[in-house]
Amino acid sequence: MSITIRELGAGLYSKYRNLILYGVIGVLSVSIDFAVFGVLTYFFPDYYILANVISVNCGIINSFLLNRHFNFKVKNKSVFRFMIFYVVGIMGLLISSGLLYLMVDLGNMNLLISKGATIFVVTLFQFILNKNVTFRQNG
């Protein structure tokens with residue numbers, strides 16, 4: 001019995017659906033985060049940590065709403081889940097701000113490249129926590 005490419009793709013999508021949708025939603029949320037960060041640092045480059053705080057919060061709120069509705073489809077205990085999601089987001093914010101400081105102030109790296117680099121580390125960390133804690137089906 002042979003498996004078609006379509007069946008293989010459907011099987012992989014089914015197996016990794018949450019991760020794939022988290023990635024798609026993440027790209028949108030990161031785009032919002034990055035755009036807000038870029039605009040704020042264009043006008044106020046010395047306040048890049050504050051810009052990071054504001055931009056990450058925009059991304060957190062967008063990501064929660066889209067993941068809750070389209071990805072994990074868990075709609076009970078919304079305020080409680082948002083609080084957990086927000087704490088995970090703040091943990092990511094602390095990681096990204098620390099990495100930004102290391103790369104920009106200590107490493108003299110470009111601000112936007114540094115911001116982009118922090119996104120990869122933080123996204124993986126947040127996916128693991130959000131999938132297993134925030135949007136746990138029986139939580």
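Contact here means heavy atoms within 4.5 Å. The model is a predicted one. With that in hand, start at one residue and work outward.

**The core**

Which residues does Ile60 touch, leaving aside its neighbours within four places in sequence? Ile60 is in contact with Phe85, Tyr86, Gly89 and Ile90. Ile60 also belongs to the largest nonpolar core. That core has 10 residues in all. Its members are Tyr22, Val56, Ile60, Phe64, Phe72, Val74, Phe85, Leu93, Phe127 and Phe135. Helix H2, residues 48-71, and helix H3, residues 78-106, each supply at least two of them. H2 gives the most, with 3 residues. Another core lies apart from this one. It has 6 residues, including Phe37, Ala51, Leu100 and Val104.

**The aromatic rings**

How many aromatic pairs does a search of the whole structure find? The search finds 5. One aromatic pair is formed by Tyr22 and Phe127. A pair of aromatic rings is described by the distance of the centres and the angle of the planes. For Tyr22 and Phe127, the centres are 4.9 Å apart and the planes stand at 65°. The pair is edge-to-face, because its angle is over 60 degrees. It links distant parts of the chain. Tyr22 sits in helix H1, and Phe127 sits in helix H4, residues 111-134. The two are 105 residues apart. Phe64, Phe82, Phe85 and Tyr86 form one aromatic cluster. Phe64 and Phe85 are also members of the largest nonpolar core.

**The surface**

Nonpolar side chains also appear on the outside. A nonpolar surface patch of about 1300 Å² is made by Val39, Tyr42, Phe43, Phe44, Tyr47, Ile49, Leu50, Val53, Ile54, Tyr101, Leu102 and Leu106. Helix H1, residues 5-43, supplies at least two of these residues, and so do H2 and H3. The largest share comes from H2, with 4 residues. Phe43, one of the patch residues, lies in helix H1.

**Buried or exposed?**

Three aromatic residues named above can be set side by side.

| Residue | Relative accessible area | State |
|---|---|---|
| Tyr22 | 7% | buried |
| Phe127 | 12% | buried |
| Phe43 | 56% | exposed |

Why does Tyr22 count as buried? Its relative accessibility is 7%, and buried means under 20%. Phe127 is buried too, because its 12% is also under 20%. Phe43 counts as exposed because its 56% is over 50%.

Definitions and conventions: Residues are numbered from 1 along each chain as its sequence is written. This is a predicted model: local features need pLDDT of at least 70, side-chain atom pairs count only at pLDDT 80 or more; totals for chains, interfaces and linings use all residues. Side-chain values use heavy atoms; hydrogens and water are left out. A nonpolar core is a set of buried Ala, Val, Leu, Ile, Met, Phe, Trp, Tyr and Cys residues joined through side-chain atoms within 4.5 Å. Buried means under 20% relative accessible area, exposed over 50%, partly exposed in between (1.4 Å probe, protein chains only). Patches are made of residues with over 30% relative accessible area and no salt bridge: like charges are joined within 9 Å, nonpolar side chains (Val, Leu, Ile, Met, Phe, Trp, Tyr) within 5 Å. Accessible areas come from the Shrake-Rupley method with a 1.4 Å probe; for residues, only the protein chains shown count as cover. A salt bridge is a side-chain nitrogen of Lys or Arg within 4 Å of a carboxyl oxygen of Asp or Glu. Rings of Phe, Tyr and Trp (its six-membered ring) pair if their centres lie within 6.5 Å; planes under 30 degrees apart count as stacked, over 60 as edge-to-face and the rest as tilted.
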